[in-house]
Amino acid sequence: MLIAAELKNLLEPSQLAGLEVTWLAAGEPTPKGDFVAIVPLLSRWVGGTELKNLPNLRIVANVAVGYNNVDVVAAEMRGVMVTNTPGVLTEATADLTWALILATARRLVEGVDLVRGGRWTGWHPEQLLGLELRGRTLGLFGAGRIGQAVGRRAPAFGLRILYAARTPKPEFERDTAATRVDASRLLTESDIVSLHVPSSPETKGIINAESLSRMKAGAILINTSRGDLLREEALAMALEVGHLGAAGLDVYANEPAIHPRLLAAPRTVLLPHIGSATEETRRKMAAIAVANVQAVLHGKPPLTPVYGQV
Ligand code: NAP
């Protein structure tokens, strides 16, 4: 089987028992051959050509909850199972989303730059004034596992919660007093909009010049989901003209490249896709991916198949 080489240090030998492993280096193209399983990172596209070159493949065990790097339809047509790693990364990603909310609202990066740049001249009553969270509205665009986990942390900060999802979440509403609204109301009423829908043909580019123009003046946009949900140049322009208050991003449309205009735009906190980056979570993600392979190769159902999930 093929496993992304970057996972070597995160896996125990016992988890790989009985498997004949070929480690697949980051820049190396996906090889042809009689491999029965592949464990790719989200940076590796597994589409029609790759599947054709791996005629004996039985499973693509993606090491992420998102699986927009896999052509699921092509895999299903070839009878290849596709699995992901839901659940284990929920809390770590929700924590990082909050790191971005707080960093953007309270202008953390600008403050650090001021101090490190030797330009801080002392306390000033109007220095780096940010957004007071208490009494404001957090809009969750997508309220699945991660969206809800972000929302569950919000009452402690005195935020009112709106959410948009395909189906209502009664338990979440009961626990957090969240209100389900349509996407349009979410955009116009939220002080902070946080994206938690997966990347799919329906969600690509949902945040564009038009939707940005409907956001409140001074609002903050957070994206810890997938980069292609938003148009980077349109976001840069909304920040340049001062319509948006700030943007906190962990993901980009064409990673690791970032649109130059967005890189240069004011009031951004830009992270290098580290939503799930804690030791515990990354170990669990690698473990689930390999456990899915072990299950399928032993004729058992996989633990976390993607079919029917979204
Ligand atoms: P999830 O539990 O499947 O939640 C997805 C949510 O999106 C659900 O509320 C779903 O609605 C909603 N949704 C899906 N399609 C929609 C559409 N067309 N319109 C409106 N709502 C839609 O997924 P999750 O575990 O929370 O993960 C969310 C995403 O986070 C993943 O897909 C992944 O790309 C990203 N992620 C990023 C990182 C990172 O490192 N930055 C880490 C982990 C995950 P229903 O509930 O009604 O179906």
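Arg 214 is partly exposed, with a relative accessible area of 30%. Keep in mind as you look around that this is a predicted model.

**Pairs of opposite charge**

Arg 214 has a partner: its side chain meets that of Glu 210 in a salt bridge, with 2.9 Å from N to O. Where do Arg 214 and Glu 210 lie? Both belong to helix 8, which covers residues 209-214, and they are 4 residues apart, about one turn of the helix. Glu 210 comes out at 46% relative accessibility, so Glu 210 also counts as partly exposed.

Now scroll along to helix 11, residues 279-297, where Glu 279 and Arg 283 are 4 residues apart, or about one helical turn. These two form a salt bridge as well, and their closest N and O atoms are 2.9 Å apart. Glu 279 has a relative accessibility of 48% and is partly exposed. Arg 283, at 29%, is partly exposed too. There's a third player here: Glu 12 is linked with Glu 279 and Arg 283 in a network of salt bridges.

Next, have a look at Arg 107 and Glu 110, whose side chains meet in a salt bridge at 2.8 Å, N to O. Is Arg 107 buried or exposed? Its relative accessibility is 15%, and the cut-off for buried is under 20%, so Arg 107 counts as buried. Glu 110, on the other hand, has 29% relative accessibility and counts as partly exposed. How many salt bridges does the count come to? The answer is 14.

**Around the ligand**

Let's move on to the ligand. It is surrounded by 26 residues, and the closest are Ile 146, Arg 166, Thr 167, Lys 169 and Thr 224. Sorted by class, this shell has 12 polar, 8 nonpolar and 6 charged residues. Here are some polar contacts with oxygen atoms of the ligand:

| Residue | Part of the residue | Distance to a ligand oxygen |
|---|---|---|
| Gly 144 | polar backbone atom | 2.9 Å |
| Arg 145 | backbone N or O atom | 2.9 Å |
| Ser 225 | polar side-chain atom | 3.5 Å |

How much of the ligand's accessible area does the protein cover? On its own, the ligand has 950 Å² of accessible area, and the protein covers 88% of that.

**A loop residue and a strand residue**

To finish, try finding two more residues. Pro 29 is in the loop that runs between strand 2 (22-24) and strand 3 (37-39). With a relative accessible area of 62%, and the line for exposed drawn at over 50%, Pro 29 is exposed. If you skip residues up to four places away in sequence, Pro 29 touches Leu 24 and Arg 44. You can also check Pro 29 against Pro 40: they are 11 residues apart along the chain, and 11 Å separates their C-alpha atoms.

Thr 268 is part of strand 12, residues 268-270. Its relative accessible area is 17%, so Thr 268 is buried. Which residues is Thr 268 in contact with, leaving aside its neighbours within four places in sequence? They are Leu 239, Ala 247 and Leu 262.

Methods:
Residues are numbered from 1 along each chain as its sequence is written. This is a predicted model: local features need pLDDT of at least 70, side-chain atom pairs count only at pLDDT 80 or more; totals for chains, interfaces and linings use all residues. Side-chain values use heavy atoms; hydrogens and water are left out. A salt bridge is a side-chain nitrogen of Lys or Arg within 4 Å of a carboxyl oxygen of Asp or Glu. Buried means under 20% relative accessible area, exposed over 50%, partly exposed in between (1.4 Å probe, protein chains only). Helices (H or I, at least four residues) and strands (E, at least two) are DSSP runs, numbered from the N terminus. A residue is near a molecule or strand if one of its heavy atoms lies within 4 Å of it. A polar contact is a pair of N or O atoms within 3.5 Å; within protein, one must be able to donate a hydrogen and the other to accept it, and residues adjacent in sequence count only if both atoms are side-chain atoms. Accessible areas come from the Shrake-Rupley method with a 1.4 Å probe; for residues, only the protein chains shown count as cover. Ala, Val, Leu, Ile, Met, Phe, Trp, Tyr, Cys and Pro count as nonpolar, Asp, Glu, Lys and Arg as charged, and the others, Gly among them, as polar. Contact means heavy atoms within 4.5 Å.
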